[in-house]
Amino acid sequence: MKAYRTTQTALRALRRNPMRATLTTLGIIIGVAAVIAMMEIGSGSSAAIEKTIASMGANNLMIHPGTASSGGVSFGAGSVMTLTPEDSEAVGKECPAIRSVTSVVRVRTQVVYGSKNWVPLFIYGVDPAYLDVRDWTNMAEGETFTDRDVRNANKVCLLGQTLVRELFESKSPIGKEVRIKNVAFRVTGVLSAKGANMMGMDQDDIVLAPWTAIKYRVAGTSASTVNQSSASSSTSSGVNSLNKLYPSSGASLYPVPSETQAADTPQPVRFTNVDEILAAARSTADIPAAIKQITDLLRQRHRIHPGEPEDFSIRDMTEMAKALTSTTGLMTNLLLCVALISLVVGGVGIMNIMLVSVTERTHEIGLRMAVGAQARDILRQFLVEAVVLCLIGGALGILLGHGGSYLVKLFLHWPIKTSPGAIIAAVLVSASVGIIFGYYPAWKASRLDPIEALRYE
Amino acid sequence: MQLIELKDIYKTYYIGELAIPALRGITLDIAQGELVALMGASGSGKSTLMNILGCLDHPTSGEYWLDGREVSRLSADERAFVRNQKVGFVFQNFNLLPRTSALDNVMLPLAYSAEHLPDRDARQRAVEILERVGLGDRFHHEPSQLSGGQQQRVAIARALINRPSILFADEPTGNLDSHTSEEVLRMFQQLNEEQGITVILVTHDANIARHARRIIHISDGVIDNGAMSGHPQSEAAKAGGAK
């Protein structure tokens with residue numbers, strides 16, 4: 001009841017001088033509006049920058065098979081085949097810090113269309129999630145392949161811009177068939193341009209296909225073979241229908257074993273391996289957690305005892321991640337500084353006008369004291385007035401700031417990002433600005449002597 | 001029992017090292033239901049005395065019994081409470097809040113006392129009092145829309161809203177013409193006679209003091225005459241008023 005009365009009194013006092021109230025509020029309105037607009041535009045820009053850097057692969061984690069060594073001779077990364085597509089699936093399912101994950105099977109071979117041919121830098125057999133991992137989901141044309149294509153080892157592929165230029169002279173390749181090592185793949189989509197990566201390699205020089213199709217129909221083994229003529233025919237002849245049309249690899253050098261012979265000398269059953277698992281962490285901050293989770297998971301899956309070396313290695317883009325973190329940090333701090341300055345300016349404005357207001361209303365204060373207001377009643381009234389002004393200013397400021405940043409988005413096409421946190425913070429901060437900067441004038445008012453206040457002209 | 005008993009009240013102001021005595025040993029009784037004029041030239045100490053009587057200030061030394069309670073040593077907040085409950089003030093320049101309706105002005109003291117009182121009852125009480133002072137048709141007028149006499153009547157209504165036992169009027173007619181002065185003074189007499197409210201008129205004007213039944217003269221911080229109720233002087237004042 002008391003609080004209600006005080007608020008009512010404060011509101012009435014504010015209504016008595018709307019001009020002064022408006023001017024006082026203006027400082028806070030502008031302050032909060034600046035904060036909100038800054039935060040929205042800033043965090044929009046920040047998110048855009050973050051996204052750009054992330055699209056370069058800053059959040060990516062590359063899991064490679066481990067090193068084989070024999071008699072002290074190490075064969076280098078990837079010389080054993082320890083990663084399986086099931087590992088990749090498990091990483092996707094069981095590591096919460098991982099946004100998405102894909103198996104990667106690499107081949108290096110010729111791609112033919114009509115009378116043109118080209119050896120792309122990258123021919124990757126992947127899961128559809130690859131595009132998400134690489135932040136590459138917006139296609140220039142057509143659509144991506146699906147998990148079903150992966151399951152069926154369908155011969156479909158996506159082409160990078162460079163291939164479209166080289167093989168199709170920039171005409172639409174959708175629905176056409178290209179031959180990858182004499183296997184016909186239907187083009188379902190064209191990737192958007194991505195340009196060179198940090199090492200200057202053309203990332204658009206790429207063919208993406210279901211990893212099963214690359215693995216079983218093209219590669220045979222994971223060994224890269226640039227030279228098509230030397231490709232082994234033993235694994236791909238079964239599926240490659242084109243071999244009949246182009247019997248270049250038909251001549252077998254070795255006698256084909258009969259079924260009986262094959263049964264007599266059983267080959268060890270080899271699990272399907274992939275060349276690499278590519279994962280994307282949810283954010284840069286999640287990378288260490290993601291590495292830990294993947295390590296634990298794969299050690300468990302590969303049954304590696306504690307103390308034994310891992311048969312895989314995980315690499316992250318430390319350099320890029322660092323750049324990303326420092327950029328984001330810089331932006332946030334910058335915004336915070338600007339926001340604080342404008343709020344302090346608004347707060348000082350409130351204090352000034354409240355002080356003037358106390359002097360101007362000395363008579364009123366004296367009267368209120370004469371009719372029985374205690375010091376704390378006066379203190380409370382002026383404090384509530386300041387806080388009410390600040391809250392109203394805060395609300396209007398939020399609207400104004402939001403409107404402003406929306407206009408910026410509308411006319412300048414800057415990215416903005418509404419942040420509920422900033423709005424809550426703005427309300428809290430404007431209330432505390434009201435309390436902090438309203439306290440001194442209110443205290444001054446409450447300390448007035450009623451007799452002198454009444455006599456004051 | 002006396003409503004007001006002052007015993008040897010001193011009030012000294014200090015300006016730096018300099019002591020300025022404003023009241024020098026005031027002893028005074030005022031009974032419930034009296035209509036008293038406190039008279040003196042400017043600088044005589046009558047305003048200081050009124051401030052002490054009205055609990056706006058405390059004396060440097062001496063005892064002040066108000067309604068059976070010693071109030072001279074109360075803290076500022078306790079005095080504020082006493083003012084709210086027992087005392088009403090009417091000032092020379094009305095002291096109404098600008099741009100505030102008569103009704104809201106009258107309800108002002110309730111904000112500090114009657115937390116338990118619902119809004120509607122508070123309003124009702126203000127309406128009744130405004131009607132009693134003859135402003136039944138001016139509830140929503142702001143001070144700037146009212147004449148001086150009407151403003152002073154709003155101020156009286158405000159002083160009465162907490163049903164005080166004492167009403168202090170500090171030069172209540174100082175800003176009014178003689179005709180409205182007469183009306184306002186008659187209202188004080190009426191309040192005094194009909195409701196038994198003790199009224200203390202502070203004035204320098206003998207014509208106004210004449211409306212009181214008892215006149216206390218003060219000069220240079222001491223009471224010349226009229227200190228005790230039932231003093232022959234009060235009869236004389238009455239006689240003077242009747243002239």
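Q: What pLDDT does chain A average?
A: In chain A, 90% of the residues score at least 70 in pLDDT, the predictor's confidence in each residue, from 0 to 100. The model is predicted: local features need pLDDT of at least 70, side-chain atom pairs count only at pLDDT 80 or more, and totals for chains, interfaces and linings use all residues. The average for chain A is 82.

Q: Over which residues of chain A is the pLDDT below 50?
A: Residues are numbered from 1 along each chain as its sequence is written, while chains are lettered from A and ligands numbered from 1 in the order in which they are written. The low-scoring stretch has 29 contacts in the model beyond near neighbours in sequence; a contact means C-beta atoms, placed from the backbone, within 7 Å. Where pLDDT is low, the predicted coordinates should not be read in detail. The stretch is residues 221-239 of chain A.

Q: What is the mean pLDDT of chain B, and which of its residues fall below 50?
A: In chain B, 92% of the residues reach 70 or more, and the mean pLDDT is 86. One stretch is below 50 and has 16 contacts beyond near neighbours in sequence. So the mean is 86, and the stretch is residues 231-243.

Q: What ipTM does the model score?
A: Two scores cover the whole model. The pTM is 0.66. The ipTM is 0.89.

Q: How many helices and strands does chain A have?
A: Helices (H or I, at least four residues) and strands (E, at least two) are DSSP runs, numbered from the N terminus. Among chain A contacts between residues at least 6 apart in sequence, 81% join residues at least 24 apart. The count for chain A is 15 helices and 14 strands.

Q: What percentage of chain B is buried?
A: A residue is buried with 20 or more other C-beta atoms within 10 Å of its own, exposed with 12 or fewer, and partly exposed in between; C-beta atoms are placed from the backbone. Chain A has 457 residues, of which 41% count as buried. Chain B has 243 residues, and its buried share is 47%.

Q: Which element gives the largest share of the side of chain B that touches chain A?
A: In this interface, 22 residues of chain B are in contact with 19 residues of chain A. One helix of chain B supplies 6 residues, the largest share of that side. That helix is H2 (residues 76-86) of chain B.

Q: Which element of chain A do the buried residues of H2(B) pack against?
A: The buried residues of H2(B) are B:Arg79, B:Ala80, B:Arg83, B:Asn84 and B:Lys86. Within chain B, they pack against strand S4 (61-66), strand S6 (87-90) and strand S7 (166-170). From chain A, the partner is helix H12 (362-370).

Q: Why does the end-to-end distance of H2(A) agree with its length?
A: Helix H2 of chain A holds 38 residues, 18-55. The expected span is 1.5 Å times one less than the number of residues, which gives 56 Å for this helix. The end C-alpha atoms agree with that, being apart by 53 Å.

Q: Where is the kink in H2(A) centred?
A: The bend at a residue is the angle between axes fitted to the seven residues ending there and the seven starting there. In H2(A) the kink is about 30°. Just after this helix, A:Gly57 takes a positive phi of about 100°. The kink itself is centred on A:Thr25.

Q: Which residues touch the most other members of the largest nonpolar core?
A: A nonpolar core is a set of buried Ala, Val, Leu, Ile, Met, Phe, Trp, Tyr and Cys residues joined through C-beta atoms within 7 Å. The largest has 123 residues, and H2(A) gives the largest share, 12 residues. The residues asked for are B:Leu38, B:Phe168 and B:Leu201.

Q: Is A:Ser170 buried or exposed?
A: A:Ser170 lies in the loop between helix H6 (161-168) and strand S10 (177-180) of chain A. Its phi is near 65°, a positive value in a residue other than glycine. With 10 other C-beta atoms within 10 Å, A:Ser170 is exposed.

Terms used: Contact = placed C-beta atoms within 7 Å.
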